[in-house]
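Biologist: Let's walk through this one together. I'll ask how each label is earned, and you set the values against the cut-offs.

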Amino acid sequence: MPIFYDEKTKTFKLDTDNSSYIVAVYDENYILNLYYGAYIPESYVPDREKRTTNASFSPVNPVIGENGFSPDTAPIEYGTHGAGDFRISALEIINKNGDSITDIRYTGYKIYNGKKEIQGMPSTYVNNESEAQTLEIYTEDFVTGAEVTLYYTVFPEYDVITRHIKVKNVSSDNMRIERAMSMCLDLPDMDYDMITLYGCHAKERNIERRRLAHGVQGVESRRGSSSNTQNPFVALAQRGSDDEHGDVYGFNLVYSGNFSALAECDFNCTTRFVMGIEPQTFSWLLNSGESFYAPEAVMVFTMGGIGEMSRKLHRFYNNNLTRGRYKTEKRPLLINSWEAAYFDFDEDKLISFAREAKKLGVELLVMDDGWFGHRDSDNSSLGDWFVYEKKLKGGLKYLVDEVNKLGMKFGIWFEPEMISPDSELYKAHPDWAIQIKGRPLTLCREQYVLDYSRKEVRDHVYGMMKKILDSANIEYIKWDMNRQLTEVGSATLPAERQRELWHRYVLGVYDLMDRLTTDYPHILLENCSGGGARFDPGMLYYSPQIWCSDDTDAIERLKIQHGTSMCYPCLAMGAHVSDCPNHTVGRNTPFKTRGHVAMVGTFGYELDVTRIPQEDRDAIPAQIEEFNKFNKLVRTGDHYRIGNMFEDNTWDAWEFVAKDKSEALFEFVQVLGRPNERSRRIKLKGLEADAYYYEENEPDKKISGAALMNAGINIAKMWNGDGLYGDFCSKILHFIKV
Ligand code: DGJ
């Protein structure tokens, strides 16, 4: 069993296939972290208990005395605020006396098979009870009456341990939680680089790697959503590690709102890492008897480098986070109207897209923004989820039926969390927008955000959505979210609960997504947020795919998709072939390259198929055939990053390798042609060293996995990609095991 309790040493040992995590109950019921790293057989690592170096003048517990233990220096499992531990804390509760000193001690534990859901929030799940085991460690702050449960679920096969906490108020007074991190981890050294994903609109998830330094460092979002500026992901990678080598810890928060992921390195050169809801925009009044749950954090450890960390998370999310029929089923190949027409469409235009696309092999037409209220630009109608009859003259059902008659599925766009000042909804319910009385409301893309903490608001929006969904055969939804939260106040929450709104908003979004996916399990839900501004594990729980970025340029996408693959499966990345010059960067790239890059993700088209150059249109059937041929391998195989545009922007390459190593798809992009270079030698990854492979087009040339991975292959310089010379050409190779 992956979780052991040793009565003698009062130690919990959590084992995955390749890692161990050890927690001990120390004197005075302090809970200490004794180890997290590669698998070890011992269940007790006493050396870490007494971490005393340089602890002179550190506060000591009066009962334990000066025997070398201090909360200031001990590896506290879940650090609290104000009782001798000065590092960044995981928990802070203001009690009835008004002070915020919090100090939790061990009271008991429970171990069971499987895993419980977290009330009202997305979380990873087990497919069967034997897949994982859960440990609950019970603690209490005896002064304030806060009962804190630390949850750990061990998924041995993925080397993953998930964590979250619950705070229960067992006192007879109210208390206020000011900070409740989902996890806290004390590591005995600070020889790590912190890897994070920063960005902005159309430039999401750039990889940043920095050396840990003394003090606090990390990433946060205070934008109301997980955001594109930082992602709720951090890796702590051993110095010198790379995609193939070195110890790496990965942390990801299953949450779509404000977050903090912070590391503090102290005078002992140890590291504390905390991750959870961002505290500055959080406060929660907990009445006597009530409980509060923090969202789930995912931890993974590997000795196999950053690439292996990514693959473990990919496999884990594909198996234990995404849900519904499209978790495993092939997704319909779609064409989306946004870059094809923006707001300028009517039913005839959409039907013409569908007709042409169907002929070429596309399976689903998505009607993006602009079909509702009186929306002709982005300055109106959000919240008016009824059909804009001027555009769709025959109504929605007529349009969908026509598309269906062509043999195509139909999908639709919503932005359910928003309200335009110019909308019927706003006229009827101006107080439904998140706002603060007396303060001018900041506009962002001409819209406000609905107060999703209010059930009547959610019910009303859902009622409108339901009417639309029940009126026609809709098989796909794109759920968009195009602004950040400002002037965050609710017309109905009492003053003492106003700061709960940030979190209540996220819970409201989850509630609606839950209703939608429960009521319409056949619908494929794709998340989106001004491109990829809410690409997080919380959203992956509801939607198996998320639009990765509004930047559809194949070359820009190389970095965006590479960064996204740090922790998120390729299967989740919304990626389309669009027209050129590209609408975001104005670049021309070969149609073939656009296809190869979109094949990393969900694949689809986002162009006016009736107007693109004939040669591009002619290329689509073969491109779709190629996509269909490799889609299973892309969906179920392991992803290996080979090139890295963040380090060398002249080329990129990656691979999908079947789990049983029987085949591999290798993709290469020659980003910039370089002088005096006839070919480039690229080493493949992830193959079976002892096996022999051949490239599909050269069946007689057998070559060992070892040679492919160690000697590599030569990619000859490419000259002509769709009339473009030298730059932006691409190539794929299919290796099959003999
Ligand atoms: C932002 C999205 O990222 C786009 O794909 C598109 O759906 C627009 N919103 C529509 O307003």
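Modeller: Sure. A polar contact here is a pair of N or O atoms within 3.5 Å. Keep in mind that this is a predicted model.

Biologist: What makes the pair between Arg445 and the ligand a polar contact?

Modeller: An N or O atom in the Arg445 side chain sits 2.9 Å from a ligand oxygen. The cut-off is 3.5 Å, so the pair counts.

Biologist: Which polar atom of Gly531 pairs with the ligand, backbone or side-chain?

Modeller: Backbone: a polar atom there is 2.8 Å from an oxygen of the ligand. For Trp413, a polar side-chain atom lies 3.1 Å from a ligand oxygen. Taken alone, the ligand exposes 290 Å², and the protein buries 98% of that.

Biologist: Which residues come nearest to the ligand?

Modeller: Of the 13 around the ligand, Asp368, Asp369, Lys478, Asp480 and Asp550 do. By class, the shell has six charged, four nonpolar and three polar residues.

Biologist: Why is helix H1 called mostly covered?

Modeller: Buried means under 20% relative accessible area, and 13 of the 16 residues in H1 are buried, so the label fits.

Biologist: How does the reach of H1 compare with the expected one?

Modeller: H1 runs over residues 305-320 and reaches 22 Å from its first C-alpha to its last, close to the 22 Å expected at 1.5 Å a residue.

Biologist: Where is confidence lowest, and where is it highest?

Modeller: Strand E40 (residues 724-725) is lowest with a mean pLDDT of 74, while strand E20 (residues 296-302) is highest at 99. The protein averages 96, and 99% of the residues score at least 70.

Notes:
Residues numbered from 1 in each chain as written. Predicted model: local features only at pLDDT ≥ 70, side-chain atom pairs only at ≥ 80, totals over all residues. Heavy atoms only, no water. Near = heavy atom within 4 Å. Polar contact = N/O pair within 3.5 Å; in protein donor to acceptor, adjacent residues only side chain to side chain. Areas by Shrake-Rupley, 256 points an atom, 1.4 Å probe, with all protein chains shown as cover. Nonpolar A, V, L, I, M, F, W, Y, C, P; charged D, E, K, R; others polar. Helix = DSSP H or I, 4+ residues; strand = E, 2+ residues; numbered from the N terminus. Expected span 1.5 Å × (residues − 1). Buried < 20%, exposed > 50% of the residue type's maximum accessible area, 1.4 Å probe, protein only. pLDDT = per-residue confidence, 0-100.
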